[in-house]
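User: Hi! I'm new to looking at protein models and could use some company. Can we go through this one together?
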Amino acid sequence: MRYAQGGGLTDAGRAARERVRLQAVERFEGGQKSREIAAALRVSERSVERWRRQWRERGEAGVLSKGSPGRPRLSDAQIARLERELERGPLVHGWADQRWTLARIKTLIGRLFHVSYTVEGTWLLLKRHGWSWQQPARRAIERDDAAVEVWKKETWPRVRAPRRRVTAGSSSRTRPDSR
């Protein structure tokens, strides 16, 4: 069976598969052979054998759905705690400046809740809970606009990489330009 875009099954799809496994359990209890069960439920014999083994080892709980295989989610209480910790600022948590980056928030989540998120997953988590990226509204007090202009006019042209040639070169060994 092909999965929908994005992979995995929906909750309804997982429930339907679980119903098939529970029907198989009823047939196990009735003493039917794996081949008969596979034909009746239109699944592979191998799947039926795997379900039978799980049923023998753990009972009906062995064939129940384990739920969505998605990323671990933080509870509402954990989200509230994360927000309190973010409001306290990065200095309190050991960073040298007052900038919250996604990598730092990811690290903080790992430290506080022992849950691993990717940087992208951290952004989605924050966005889902109403947080947004921010830029400073004003320029830093320490900024020296005159020094910035001097740097742009004098230093930058010297350190900037030279432009590439407009025409493409040749990698041919037989053309005279390549020798």
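User: To start off, how many salt bridges does the structure hold?

Analyst: Happy to help! One thing to keep in mind is that this is a predicted model. The structure holds six salt bridges.

User: Why would two side chains pair like that in general?

Analyst: Side chains of opposite charge can pair when their charged atoms come close.

User: Okay, which residue does Arg35 form a salt bridge with?

Analyst: Arg35 pairs with Glu45, and their closest N and O atoms are 3.5 Å apart. Arg35 sits in helix H2 while Glu45 sits in helix H3, so this salt bridge ties together parts that are ten residues apart in sequence.

User: And Arg35, is that buried or exposed?

Analyst: Arg35 is exposed, with a relative accessible area of 61%. Its partner Glu45 counts as partly exposed, at 32% relative accessibility.

User: What about Asp97, which residue does it meet at 2.6 Å?

Analyst: That is Arg104: the side chains of Asp97 and Arg104 meet in a salt bridge, with 2.6 Å from N to O. Asp97 also forms a salt bridge with Arg99, where the closest N and O atoms are 2.9 Å apart. Salt bridges that share partners join Asp97, Arg99 and Arg104 into one network.

User: Is Arg104 buried or exposed, then?

Analyst: Arg104 has 14% relative accessibility, and buried means under 20%, so Arg104 counts as buried. Asp97, at 25%, counts as partly exposed.

User: New topic! What is the phi of Arg42?

Analyst: Arg42 has a positive phi of about 55°, although Arg42 is not a glycine. You'll find Arg42 in the loop between helix H2 (34–41) and helix H3 (45–58). Arg42 is exposed, at 77% relative accessibility.

User: Where is His114 found?

Analyst: His114 is in the loop between helix H5 (102–113) and helix H6 (119–128). His114 has a positive phi of about 55° too, and it is not a glycine. With 71% relative accessibility, His114 counts as exposed.

User: Last one: which residues make the nonpolar surface patch of about 330 Å²?

Analyst: Trp151, Trp156 and Val159 make that patch. Val159 belongs to helix H7, which covers residues 145–159.

User: Why does Val159 count as exposed?

Analyst: Exposed means over 50% relative accessible area. Val159 has 54%, so Val159 counts as exposed.

Conventions: Residues are numbered from 1 along each chain as its sequence is written. This is a predicted model: local features need pLDDT of at least 70, side-chain atom pairs count only at pLDDT 80 or more; totals for chains, interfaces and linings use all residues. Side-chain values use heavy atoms; hydrogens and water are left out. Patches are made of residues with over 30% relative accessible area and no salt bridge: like charges are joined within 9 Å, nonpolar side chains (Val, Leu, Ile, Met, Phe, Trp, Tyr) within 5 Å. Accessible areas come from the Shrake-Rupley method with a 1.4 Å probe; for residues, only the protein chains shown count as cover. A salt bridge is a side-chain nitrogen of Lys or Arg within 4 Å of a carboxyl oxygen of Asp or Glu. Helices (H or I, at least four residues) and strands (E, at least two) are DSSP runs, numbered from the N terminus. Buried means under 20% relative accessible area, exposed over 50%, partly exposed in between (1.4 Å probe, protein chains only).
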